[in-house]
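Biologist: Could you take a close look at the salt bridges for me, and then walk outward from there? I'd like one connected answer rather than a list.

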Amino acid sequence: MRIGYNGKKFRGYQKQKGIERETVEGTLKVAIDEALIAAGRTDKGVSAISQVVNFITTSDSISPEDYLGAIRSLPESQAGHLQVYEIARVPRKFNARSQATWRRYLYLFPINKSETGVQDVDVEFVDRCLRRLEHRKLDYN
């Protein structure tokens, strides 16, 4: 399945003891009672717009549409904090974590101005720092 979520409403992707329902994985587990495998994880406050997650089900009687409906009926989905764009059956050997062929990260910085017009982020400084990384292949391992 391909999901998106508003990180401001969750305490990260990965389920954590004691705060399961406050995480994306813990919320998804309410609708899908299976082990979830994600192509990546996010920290508290970090959003995702197209994260791939898979699970292995032992039931042939539950369709992808049934899972989609169950997730979309969750309060977090109803409030717009968690979206499931699509769910499809894939071969049993598919693993989102090990078979993701690429990842794209987009970092958004909220820029707030005070009443005097001063920004809380120095945009020119951030731009200079990030330009040093342009066109460089980075090893994330």
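Modeller: Here is a walk through the salt bridges, followed by the pockets and a couple of individual residues. Keep in mind that this is a predicted model. The mean pLDDT of the protein chain is 90, with 99% of its residues at 70 or more. Broken down by element, helix H3 (residues 75–78) has the highest mean pLDDT, 97, while helix H5 (residues 123–131) has the lowest, 89. As a general caution, where pLDDT is low the predicted coordinates should not be read in detail.

Now to your salt bridges. The structure holds 5 of them. Side chains of opposite charge can pair when their charged atoms come close. Take arginine 2 and glutamate 86: their closest N and O atoms sit 2.9 Å apart. Arginine 2 belongs to strand E1 (residues 2–5) and glutamate 86 to strand E4 (residues 82–86), so this pair ties together parts that are 84 residues apart in sequence. How accessible are the two partners? Arginine 2 comes out as partly exposed, with a relative accessible area of 27%, and glutamate 86 is also classed as partly exposed, at 43%.

Another of the salt bridges joins glutamate 22 to arginine 11, and here the closest N and O atoms are 2.9 Å apart. Both residues are in the loop between E1 and helix H1 (24–31), at positions 11 residues apart. Glutamate 22 is partly exposed at 37% relative accessible area, and arginine 11 is partly exposed at 35%.

Then there's the pair in H5. Aspartate 127 forms a salt bridge with arginine 131, with 2.9 Å between the closest N and O atoms. Why do these two sit about one helical turn from each other? They are 4 residues apart in helix H5, so about one helical turn separates them. Aspartate 127 is partly exposed, its relative accessible area being 35%, and arginine 131 is partly exposed too, at 49%. For classification purposes, exposed would need over 50%. The story doesn't stop at the pair, either: through salt bridges that share partners, Asp127, Arg131 and Glu134 are joined into one network. If you plan to look at side-chain geometry here, remember that H5 is the element with the lowest mean pLDDT, at 89.

Just along the chain, in the segment after H5, you'll find histidine 135. Its phi is near 65°, a positive value in a residue other than glycine. Most residues other than glycine have a negative phi. Histidine 135 counts as exposed, with 83% relative accessibility.

Next, the empty space. Rolling a probe the size of a water molecule over the atoms shows where empty space is left. The largest pocket holds about 1600 Å³. Of its 33 lining residues, Ser47, Arg104, Tyr105, Leu106 and Tyr107 are the closest to its centre. Strand E3 (residues 48–55) provides the largest share of that lining, 5 residues. By class, the lining has 17 nonpolar, 9 polar and 7 charged residues.

The second largest pocket comes to about 420 Å³. It is lined by 20 residues, and those closest to its centre are Asn54, Phe55, Ala88, Arg89 and Val90. Here E3 again gives the largest share of the lining, this time 4 residues, and both E3 and helix H2 (64–72) supply at least two residues each. The class split of this lining is 13 nonpolar, 3 polar and 4 charged.

One last stop is the loop between E3 and H2, where threonine 57 is placed. Is threonine 57 buried or exposed? At a relative accessible area of 15%, threonine 57 is buried, since the cut-off for buried is under 20%. Its side chain has polar partners. One is the side chain of tyrosine 67, in a polar contact at 2.9 Å. Another is the backbone nitrogen of serine 59, which lies 3.2 Å from a polar atom of the threonine 57 side chain.

So, back to your request: the salt bridges include a link between E1 and E4, a pair within the loop between E1 and H1, and a network that takes in Asp127, Arg131 and Glu134.

Methods: Residues are numbered from 1 along each chain as its sequence is written. This is a predicted model: local features need pLDDT of at least 70, side-chain atom pairs count only at pLDDT 80 or more; totals for chains, interfaces and linings use all residues. Side-chain values use heavy atoms; hydrogens and water are left out. pLDDT is the predictor's confidence in each residue, from 0 to 100. A salt bridge is a side-chain nitrogen of Lys or Arg within 4 Å of a carboxyl oxygen of Asp or Glu. Buried means under 20% relative accessible area, exposed over 50%, partly exposed in between (1.4 Å probe, protein chains only). On a 1 Å grid over the protein atoms alone, a cavity is a set of points where a 1.4 Å probe fits but cannot get out, and a pocket is an open set with protein on both sides within 12 Å along at least five of seven lines; lining residues have an atom within 4 Å of a point. Grid points are joined across faces, edges and corners, and a volume is the space filled by probe spheres set on the points. Ala, Val, Leu, Ile, Met, Phe, Trp, Tyr, Cys and Pro count as nonpolar, Asp, Glu, Lys and Arg as charged, and the others, Gly among them, as polar. A polar contact is a pair of N or O atoms within 3.5 Å; within protein, one must be able to donate a hydrogen and the other to accept it, and residues adjacent in sequence count only if both atoms are side-chain atoms.
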